[in-house]
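Please open the model in your viewer and keep the sequence panel beside it. The tour below suggests what to select next and says what is there.

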Amino acid sequence: MLNDLIKGAKKYATTNPAAKKAGIPEGMYLQCPKCKKSIYKVDLKAQLGVCPHCSYYYPLSPRARIFAIVDKGSFNELDKEMMSVNPLDFPDYEKKLVNYIDKTDQKEAVITGTALIDGQETVIGVMDSRFMMGSMGSVVGEKLTRAIEYATSKKLPVIIFTASGGARMQEGIFSLMQMAKTSAALARHDENGLLYISVLTDPTTGGVTASFAMLGDIILAEPGALIGFAGPRVIEQTIKQKLPEGFQRAEFLLDHGMIDAIVKRPDMRETLACLLKLHQKEGK
Amino acid sequence: MEDIRERIDALGEAINQLSQLNETPEIANEITRLKAVVYKLEKKAGTLYDPWDKVKIARKIERPRAQFYINSIVTDFVELHGDRAFKDDKAIIGGIGKIDGHTVTIIVQNKGNTAKENIERNFGMPHPEGYRKALRLMKQAEKFSRPVVCLIDTPGAYCGIGAEERGQGEAIARNLLEMARLKVPIVSGIIGEGGSGGALALGVADRVFMQANTTYSILSPEGFASILWKDSNRAKEAAGIMKITARDLLEYGIIDDIVEEPVGGAHKEPLQAANALKEYIVSQLNELTQKDVHTLVEDRYERFRQYGAFYEEEL
Ligand SMILES: [Zn+2]
């Protein structure tokens with residue numbers, strides 16, 4: 001029944017993928033949500049989703065992100081058929097999943113695979129904040145864990161781009177356990193002396209922050225990205241006061257010693273390539 | 001269920017009134033008789049508790065706290081303070097002591113039994129320095145090859161400015177990673193509320209248990225209801241679908257065992273609850289300390305590795 005539902009959804013999910021791939025709304029022009037100026041869409045694509053007027057960062061779809069980072073044609077996707085089920089029989093969860101599959105042309109909130117970056121082989125995972133707010137359920141946890149385990153067995157580095165509103169509420173305790181599962185896989189990767197770089201993009205919060213996002217040997221972030229454990233609204237409700245400007249933004253975390261560096265989107269590929277090169281073992 | 005509860009309440013009121021009268025042998029007898037009836041009714045109710053009943057018992061202010069269990073079941077306890085970086089988080093108590101024959105490091109989240117104690121202990125909600133204290137003591141336990149016992153009782157990690165500034169996410173994440181590979185046995189269990197990552201940060205263990213009337217969840221039923229339905233008043237309904245009780249989580253394999261509580265909840269007979277807890281912990285330590293370290297860590301990895309439900313198309 002459930003599988004039928006998801007299989008049924010796939011028909012719709014593949015109707016018009018090209019227009020959706022870049023994660024940028026349709027039409028010739030669009031209005032920047034930050035500076036309100038209008039942007040020619042072709043320009044926005046060329047700038048990797050960065051507003052040419054005010055440098056606002058549009059969320060990038062995982063495929064657009066991967067396209068911008070890895071060597072052309074080098075990406076090999078892993079576990080691309082994996083989909084969520086409804087372990088707690090949560091009301092309407094399947095319906096929601098189907099909606100997001102249709103809307104994003106993704107089967108879940110993360111894509112994983114192997115790729116070359118400037119000729120250097122790496123395992124890469126990219127989360128999708130558009131898919132149910134990038135929340136982590138069993139599929140996100142399992143795909144990342146498999147990718148990390150694959151990297152450990154092949155002695156490869158891991159790069160994960162995070163973007164998540166936190167736990168997948170509909171999967172309850174199973175969602176919580178993905179934090180332990182991914183962290184345990186990273187522990188083994190770490191023990192093998194292998195490099196893990198996490199790249200935090202807007203937004204990275206909740207269970208993802210409290211697991212693999214903050215466990216990078218090197219933690220990078222995009223400018224302005226919201227990064228925290230508790231979301232700003234929850235904190236405001238708890239402490240009953242307004243949060244200061246810039247709180248939980250990438251610059252704030254850099255200032256507080258929580259991340260290694262902020263890297264602009266157009267410089268990301270080069271920075272990652274350089275870091276990978278600096279970690280190559282002698283004689284390799 | 002509702003009328004059982006009404007009868008328990010009515011009898012409780014009767015006992016209350018009788019005990020305010022001048023004590024005579026007849027009155028004393030009547031009180032004993034009524035208490036026996038209440039006990040029977042509570043025992044019957046215990047099998048009928050719905051998840052929200054469990055939430056309420058788990059949160060009772062008079063529920064025995066971790067500090068009580070340390071006092072009752074750990075001998076030669078020496079408390080060790082601080083994370084060596086920022087401060088001593090009083091939501092978490094850590095130290096060394098003996099449980100039966102085993103020298104252990106014990107790390108607990110401690111709520112209070114009064115409003116004043118709760119404020120002192122921040123309602124059992126740790127800041128990053130609490131998790132870092134816990135990690136420091138776990139690494140210390142590993143150095144001296146002693147098992148770690150964790151008692152979990154928290155609504156969740158604290159949400160606040162300082163907690164974010166000092167890296168709440170990083171502190172929890174680091175505990176998950178290090179616990180996954182710690183080279184000594186770990187026994188962890190929920191003795192009240194097990195709320196979100198704040199609970200899991202002490203919960204990556206070889207044996208995970210729950211006392212019978214506790215909850216373990218991704219977040220509080222109130223939080224869940226407010227995120228999903230924008231209405232925290234629907235918490236009872238949320239508790240009903242979240243699968244947060246010991247029995248549910250045993251069924252899913254998230255926990256290994258349920259540690260029984262006295263009839264009506266641990267607060268009814270705290271020492272009896274402590275004895276059951278001690279017996280359970282000792283039996284687990286007896287087993288786990290026989291395992292070689294490699295197998296222990298391997299099995300712990302596999303335990304957490306298997307969690308998750310998903311669908312893959314056959315190729
Ligand atoms: Zn702009």
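How many bridges join S9(A) to strand S10 of chain A? Select residues 261–262 of chain A together with S9(A), and you will have the answer on screen: two bridges join these strands, which run parallel. Helices (H or I, at least four residues) and strands (E, at least two) are DSSP runs, numbered from the N terminus, and two strands pair if DSSP finds at least two bridges between them.

Before going further, some ground rules are useful. This is a predicted model, in which local features need pLDDT of at least 70 and side-chain atom pairs count only at pLDDT 80 or more, while totals for chains, interfaces and linings use all residues. Residues are numbered from 1 along each chain as its sequence is written, chains are lettered from A and ligands numbered from 1 in the order in which they are written, and side-chain values use heavy atoms, with hydrogens and water left out.

**Chain A as a whole**

Colour chain A by pLDDT, which is the predictor's confidence in each residue, from 0 to 100. The mean for chain A is 90, and 90% of its residues reach 70 or more. Residues 1–21 of chain A, however, have a pLDDT below 50, and this stretch has 28 contacts in the model beyond near neighbours in sequence, where contact means heavy atoms within 4.5 Å. The secondary structure of chain A comes to 11 helices and 10 strands. Of the 284 residues in chain A, 56% are buried, a word that here means under 20% relative accessible area, with exposed meaning over 50% and partly exposed in between (1.4 Å probe, protein chains only).

**The sheet, from edge to edge**

Now show the strands of chain A that make up the open sheet: there are seven, in the order S3-S5-S6-S7-S8-S9-S10, and their pairing is mixed. S3 (76–78) and S10 of chain A stand at the edges with a single partner strand each, so one side of each is left without a neighbour in the sheet.

Begin at S3(A), which three bridges join to strand S5 (residues 110–117) of chain A in the antiparallel sense; there A:Leu78 stands opposite A:Thr112 in S5(A).

Next, select strand S6 (residues 120–127) of chain A and S7(A), which pair in the parallel sense over four bridges. In this pair A:Gly125 has A:Ile160 in S7(A) as its bridge partner. If you add helix H6 (residues 138–154) of chain A, you will see that S6(A), H6 and S7(A) make a right-handed β-α-β unit; a crossover is right-handed if, with the strands pointing away from the viewer, the path from the first strand over the helix to the second runs clockwise.

**Strand S7 and its surroundings**

Stay with S7 (residues 158–164) of chain A, where seven of the seven residues are buried, so the strand is largely enclosed by the rest of the structure. A:Val158, A:Ile160, A:Thr162 and A:Ser164 point one way from S7(A), whereas A:Ile159, A:Phe161 and A:Ala163 point the other way.

Pick out A:Ala163, which counts as buried at 3% relative accessibility. Leaving aside residues up to four places away in sequence, A:Ala163 touches several residues, among them A:Met127, A:Asp128, A:Gly134, A:Thr201 and A:Asp202. A:Leu226 is 63 residues from A:Ala163 in sequence, yet the C-alpha atoms of the two are 9.5 Å apart in space.

From S7(A), move to strand S8 (residues 196–204) of chain A, which runs parallel to S7(A) and is joined to it by six bridges. A:Ile160 has A:Ser198 as its bridge partner in S8(A). Helix H7 (residues 172–191) of chain A, with S7(A) and S8(A), makes a right-handed β-α-β unit.

**On to S9 and back to S10**

S8(A) and S9(A) pair in the parallel sense over four bridges, and A:Val199 stands opposite A:Leu220 in S9(A). Both faces of S9 (residues 218–221) of chain A are covered, with A:Ile218 and A:Leu220 buried on one side and A:Ile219 and A:Ala221 buried on the other. A:Leu220 also leads to the strand where the tour began, as its bridge partner in S10(A) is A:Ala261.

**Domains in both chains**

Finally, colour by domain, with bounds that come from an automatic or database domain assignment. Chain A is divided into domain 1 (1–58) and domain 2 (60–278), whose C-alpha centres are separated by 19 Å. Chain B is divided into domain 1 (2–48) and domain 2 (54–314), and the C-alpha centres of these two domains lie 34 Å apart. Four residues of domain 1 of chain B are in contact with four residues of domain 2 of chain B.
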